Each structure stands twice: as structure tokens, then as C-alpha cells.
Amino acid sequence: MVHIWNMVVMDISKLPHLTATQAKTNLGSLIDSVNAGEGPYVIDRYGKPVAILMDMATFRVYEARRQLLKMQAELQRERDRRLESSKP
């Protein structure tokens with residue numbers, strides 16, 4: 001399954017999955033794991049992915065990509081508006 005997080009694609013089927021209960025029970029060690037470069041981890045509730053636990057550096061990369069893609073889309077919309085308004 002591929003999730004689109006504001007146009008940034010992450011294939012969560014290849015990531016380790018944990019139940020919400022497992023994540024709650026092992027949160028301290030999971031935090032240590034992601035800070036050591038393991039993960040990210042998908043947290044499932046009732047068999048469906050509901051959250052991702054990742055280190056801050058990875059999150060910052062995804063957030064920067066998301067922001068860049070958002071700006072690119074805004075620029076493209078502005079170009080399209082200008083082209084449309086310049087038509088006779």
C-alpha cells in the first residue's frame with residue numbers, strides 16, 4: 001500500500017508494522033531504535049495503518065520535500081492563471 005502524504009510518497013508496505021498496543025508497550029525502545037537509524041515504524045490499529053514513528057531528521061526531509069512540492073504546485077497554478085488571463 002502506498003500512502004501519499006501531501007504528494008510525498010512513502011511505500012509503507014516495506015516498513016515494519018506494529019500494533020498500537022505493541023507501540024505503547026515498547027515506546028521507549030522504539031524511540032531509541034528510530035534515533036539509531038532503524039525504522040520508521042508503521043503503527044496499526046485494528047489492522048489498518050494509523051501513524052508512523054520516525055526520527056526527526058527523516059521527518060524534516062519529508063517535510064522539506066512536501067513544502068517544495070507545495071510551492072511548485074502554487075507556482076504552476078499561478079503560471080496557469082497568467083496564461084489563461086493573457087488569452088484573447
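Helices, here DSSP runs of at least four residues, are numbered from the N terminus, and on this numbering Arg-81 and Glu-78 both belong to helix α3, where a spacing of three residues separates them by about one helical turn. The structure in question is a predicted model, and its chain has three helices and five strands, which follow one another along the sequence in the pattern β-β-β-α-α-β-β-α.

Confidence in the prediction was examined before the details of the side chains. The mean pLDDT of the chain is 86, with 90% of its residues reaching 70 or more. Among the elements of the chain, helix α1 (residues 20-25) has the highest confidence, at a mean of 97, whereas strand β1 (residues 2-5) has the lowest, at 47. Over residues 1-7 the pLDDT is below 50, although this stretch has 22 contacts in the model beyond near neighbours in sequence. Where pLDDT is low, the predicted coordinates should not be read in detail.

Over the chain as a whole, buried residues account for 22% of the 88 residues. The accessible surface comes to about 6,800 Å², and carbon and sulfur atoms contribute 57% of that surface. Of the contacts between residues at least 6 apart in sequence, 49% join residues that are at least 24 apart.

The structure holds four salt bridges, several of which can be described by their place in helix α3. One of them joins the side chains of Arg-66 and Glu-63, with a distance of 2.7 Å from N to O. These two residues lie three positions apart in helix α3 (residues 56-86), so that about one helical turn separates Arg-66 from Glu-63. Arg-66 has a relative accessibility of 15% and therefore counts as buried, the cut-off for that class being under 20%.

Further along helix α3, Glu-78, Arg-81 and Arg-82 are linked in a network of salt bridges. Within this network, the closest N and O atoms of Arg-81 and Glu-78 are 3.0 Å apart, and the closest N and O atoms of Arg-82 and Glu-78 are likewise placed at 3.0 Å. Arg-82 and Glu-78 are four residues apart in the helix, a spacing which again means a separation of about one helical turn. Glu-78 is partly exposed, with a relative accessible area of 29%, while Arg-82, at 57% relative accessibility, counts as exposed.

Aromatic side chains were considered next. The count of aromatic pairs comes to zero, but an arrangement of a charge and a ring is present, in which the charged end of Arg-65 sits over the ring of Tyr-62 at 5.6 Å from its centre.

Two features of the backbone complete the description. Most residues other than glycine have a negative phi, and most peptide bonds are trans. Against this background, the peptide bond from Gly-39 to Pro-40 is cis, with omega near 5°, and Pro-40 lies in the loop between α2 (27-35) and β4 (41-45). In the loop between β4 and β5 (48-53) is found Tyr-46, a residue other than glycine whose phi takes a positive value, near 55°. Tyr-46 has a relative accessibility of 80% and therefore counts as exposed.

Key: Residues are numbered from 1 along each chain as its sequence is written. Side-chain values use heavy atoms; hydrogens and water are left out. Buried means under 20% relative accessible area, exposed over 50%, partly exposed in between (1.4 Å probe, protein chains only). Rings of Phe, Tyr and Trp (its six-membered ring) pair if their centres lie within 6.5 Å; planes under 30 degrees apart count as stacked, over 60 as edge-to-face and the rest as tilted. A charge sits over a ring if NZ of Lys or CZ of Arg is within 6 Å of the ring centre and within 35 degrees of the ring normal. Contact means heavy atoms within 4.5 Å. Accessible areas come from the Shrake-Rupley method with a 1.4 Å probe; for residues, only the protein chains shown count as cover. pLDDT is the predictor's confidence in each residue, from 0 to 100.
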